[in-house]
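Open the model in your viewer and keep the sequence panel beside it. Each stop below gives a selection and what is there.

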Amino acid sequence: SVTKIMTMLLTMEALDEGRVQLTDMVTASANACSMGGTQIYLKEGEQMTMDDMLKSIAIGSANDAAVAVAEHLGGSEEGFVNRMNERAAELGCTGTTFVNPNGLDTGGEQTLTTARDLALISRELMKHEKIYDYTTTWMDTVRGGAFQLANTNKMLRQYDGMTGLKTGYTSAAGFCISATAR
C-alpha cells in the first residue's frame, strides 16, 4: 500500500493543476470493485467525491478507491500506471516499477521500489499541504457517516508530530512504512 503514495501524489498534482476538483464525482468500475485486500467495498457504478476517495486511500488504505481514482485520472488503470512510472523516473527513482495504483501483487506481477525511491516520492507528496488533511486523520467516515475509516498508521497516536505518511503490507515485502513528522 505504500504504492498509494504515488497514487496520492498524482492526484494532488491533478488537483493543484485544476484538472480535477475535490467535489468531482468518481465512478467505480467493475475493475475497481474487484480489488481484494483493504477496501471500502465500492459497488459498480457507485459514485463518491474525489475528497471521499482520497480519504479512503490515505486513511483507510482502500485498494478499490485507489483504482477508481486511477481510472478517473488516467482514463484507464493502465494509463495511470504508465504515468506513475513516468513520474517516478522524473523524480529520479531508479529502482521502482509500478504495476497498479494500490500495490497489490497481481497475476505474478509485483510493484518494486527501494527505500530511496520511496523517500523521493514521499518528499514530493509532502510538498502538497492538503495531503496532511488526510494523512494526519486518525478516524473519519465516508458515505454520509455510514462507513468508518481508521488510519492504518498507528504511529499517528503514539508519536508527537507524526504527519503520516503511509503504511503497507504484502506477503513478499512484509510490513512497510513511509513515516513523516514535523
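**Stop 1: D52 and the hairpin**

Select D52, which lies in helix α3. Helices here are DSSP runs of H or I with at least four residues, strands are runs of E with at least two, and both are numbered from the N terminus. This is a predicted model, in which local features need pLDDT of at least 70, side-chain atom pairs count only at pLDDT 80 or more, and totals for chains, interfaces and linings use all residues. Residues are numbered from 1 along each chain as its sequence is written, and side-chain values use heavy atoms, with hydrogens and water left out.

Is D52 buried or exposed? D52 counts as buried because its relative accessibility is 17%. The cut-offs: buried is under 20% relative accessible area, exposed is over 50%, and partly exposed is in between, with a 1.4 Å probe and protein chains only.

Now show what D52 touches: T141, V142 and R143, not counting residues up to four places away in sequence. Contact means heavy atoms within 4.5 Å.

Next, select β3 (residues 139-142) and β4 (residues 147-150). These strands run antiparallel and are joined by four bridges. Two strands pair if DSSP finds at least two bridges between them. V142 stands opposite F147 in β4. The two strands form a hairpin with four residues between them. In that turn, R143 has a phi near 60°, a positive value in a residue other than glycine. R143 is partly exposed, with a relative accessible area of 27%.

**Stop 2: two more backbone oddities**

Go to Y41, in the loop between α2 and β2 (47-49). Y41 is not a glycine, yet its phi is positive, about 60°. Y41 counts as partly exposed, at 48% relative accessibility.

Then jump to the peptide bond from G164 to L165. This bond is cis, with omega near 20°. L165 lies in strand β5.

**Stop 3: the core**

Select I5, M6, M8, L42, M53, I121 and L125. They have the most contacts inside the largest nonpolar core, which has 49 residues. Such a core is a set of buried Ala, Val, Leu, Ile, Met, Phe, Trp, Tyr and Cys residues joined through side-chain atoms within 4.5 Å. The largest share, eight residues, comes from α1.

Zoom in on M6. Leaving aside neighbours within four places in sequence, M6 is in contact with M84, R87, A88, L91, F98 and I121.

Move on to α6. Its buried residues are D117, L118, L120, I121, S122, E124 and L125. What covers them includes α1, α5, β5 (162-170) and β6 (174-181).

**Stop 4: the cysteines**

How many disulfides does a search of the whole structure find? Zero. A disulfide here is a pair of cysteine sulfur atoms within 2.5 Å. Select C93: the closest cysteine sulfur, in C176, is 15 Å away, so the two are too far apart for a bond. C93 counts as buried at 10% relative accessibility, while C176 counts as partly exposed at 27%.

**Stop 5: the largest pocket**

Stay on C176 and add V2, T111, T113 and A173. Of the 25 residues lining the largest pocket, these five lie nearest its centre. On a 1 Å grid over the protein atoms alone, a pocket is an open set of points where a 1.4 Å probe fits, with protein on both sides within 12 Å along at least five of seven lines; lining residues have an atom within 4 Å of a point. β6 gives the most to the lining, with four residues.
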